[in-house]
Amino acid sequence: MTISLTFHGAAGCVTGFCARLVTPRTTVLIDCGMFQGSKTLKALNYQPFPFDAGQVDAVLLTHAHIDHSGLLPKLMLAGFEGPIHTTAATRDLCAVMLVDAGGIQENEVESLNRRNLRRGFPPVEPIYTERDGERVAKQFRKVKLGEPVRIAEDIVATWWPAGHMLGAASISVDVGPEGKTKRILFSGDLGPGGSPFLDDPDAPIGVDHLVIESTYGDRDRVGIDSAARKQQLADEVRAAHAAGGPLLIPAFAVERSQELLIDLLDLMEQGEVPRGDIFLDSPLAIEATKVFQERGWNPRTQTNPFEALRPSQHLRFLDSPAESDGLDRLKGWHVILAASGMCDAGRVRKHLQRLLWRREATVLLCGYQATGTLGRLLADGRNRVTIRGDEISVRARIRQLDAYSGHADATGLVRWARDRLPITGSVFLAHGEPDATEGLRRRLVEADFPAERLVIPALDESFALDGVGAARPIGDGPPRLPAGAPGKLDWHNQRVAFQVALGQALAAAPDDRAREALLKALTATLEGLG
């Protein structure tokens, strides 16, 4: 029996997860996510899939985050007509998120085409539209945790709690006839455990091959239990208030926004932080909150903590653009939560544009920041950035609080992997930037995992799983990007950095003569390239 596994996303980076599993009778995708980060990486979203979408029989979806679900409408448009199997909460969240993603693409392409028209460039089309996000919802099929689902004649899949966000799951895939079955376990995104909102991650013991995420594979995080992270948030809020405010939190619209709001409201109610207005400025987060109120019941605690997230005296939901624009007029202390969490799209960019240059403002990053994103540039200490063509001096306080990230740290990942033993075949380390995957590989070796069975796949790399023991690399067409490129800053990032550096150098030059000499030297270099 020939089985192949190809990694079409989140290989060398943390976004765009998509694994294609092919048996003699069936082709399934595990996730179909959107790439985020550098422009080179995001350009892959516009390119054709490196496989025939019409030949895909089903999609097995781990969770709703856009880097795992965001290209499902594109898959439909490319000819996929099969079912998308996932949990009820993930289905309901995708019904909101994919429509929102389509709307964002339509708006961004409209703005881009206005600029392209002025530049004389041809217009571009959105990857998909709001309407496409609505249409793909008809292909979703609900599954229950722990109950095997017959996907095809030769594939049975089971979803297990991943502890990452509402509805998130790991998926075990049993391939082949009874008695000759191979089990491949996909971790999806794993949570740190100990959450008051979610069950701890769990999955079967004993698999043939394991695919594990490695987002924080090279580091341990301190204070990721709910009490400790709440105290860390309180410290940051008090410091932001002391700086004069406001506090801007670029927050992922689903899960992170809801958890942050619960803790902010509790801290204000308990007098741990100064009271002030909290604005949830994200239509997606507002719609997602309704799903949390519908699906957020926790049998373990017999509560739904998200019930408290309703508009009140201090909590304001801003749905319309006009309400969002009204925040420009606010003075003094207040808190704004706006998407996206990596500062790459959405309303948060508008707020960053008007607040980054103000010394009294604080920007609190509360999630993973992928290479090439504006959030990562801020986290890395850039003192000048460009937003919508506007160069901005960064004077605001830039703070990071990764305790709210929904990902397990390196110790948690190793513990989860050890709990899956025995593993008779390979362990694939995906969904991580190079330092993270290599860090997790070293830790797994220290935990007595055989080094020769640990595999870090490249983008579009394929493996045969048909033998006994380790997977075997096989050729399956050229990769869409060179090895190592997905996790690096690209030439677009370098161009912007160069433009900023050139502007600073011209401003710092002693006189116009020196400025002209600098420009003349650069012009000569460019002419020499011609």
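**Close-up 1. Trp 159 and its partner across the strands.** Trp 159 sits opposite Ile 171 in β9. This is a predicted model, so keep that in mind for every view here. The pair belongs to a longer run of contacts: β8 and strand β9 (residues 169-175) go antiparallel, joined by seven bridges.

**Close-up 2. The hairpin between β7 and β8.** On its other pairing, β8 meets strand β7 (residues 149-152), again in the antiparallel sense, with three bridges between them. Look for Val 149, which faces Ala 157 in β8. To get from β7 to β8, the chain takes a hairpin with two residues in the link.

**Close-up 3. Strand β8 and its cover.** How many residues of strand β8 (residues 155-161) are buried? Six of the seven are, so you can call the strand mostly covered, with buried taken as under 20% relative accessible area. As a reminder for reading any such view, side chains in a regular strand alternate between the two faces of the sheet.

**Close-up 4. The second largest pocket.** Now for some empty space: the second largest pocket has a volume of about 500 Å³. Its lining is made up of 22 residues, and those nearest the centre are Ala 89, Leu 145, Leu 166, Gly 167 and Arg 295.

**Close-up 5. What the pocket lining is made of.** Sorted by class, the lining of the second largest pocket counts 13 nonpolar residues, along with five polar and four charged ones. Among the elements that contribute, α4 (88-119) and β6 (140-143) each give at least two residues to that lining.

Key. Residues are numbered from 1 along each chain as its sequence is written. This is a predicted model: local features need pLDDT of at least 70, side-chain atom pairs count only at pLDDT 80 or more; totals for chains, interfaces and linings use all residues. Side-chain values use heavy atoms; hydrogens and water are left out. On a 1 Å grid over the protein atoms alone, a cavity is a set of points where a 1.4 Å probe fits but cannot get out, and a pocket is an open set with protein on both sides within 12 Å along at least five of seven lines; lining residues have an atom within 4 Å of a point. Grid points are joined across faces, edges and corners, and a volume is the space filled by probe spheres set on the points. Helices (H or I, at least four residues) and strands (E, at least two) are DSSP runs, numbered from the N terminus. Ala, Val, Leu, Ile, Met, Phe, Trp, Tyr, Cys and Pro count as nonpolar, Asp, Glu, Lys and Arg as charged, and the others, Gly among them, as polar. Buried means under 20% relative accessible area, exposed over 50%, partly exposed in between (1.4 Å probe, protein chains only). Two strands pair if DSSP finds at least two bridges between them.
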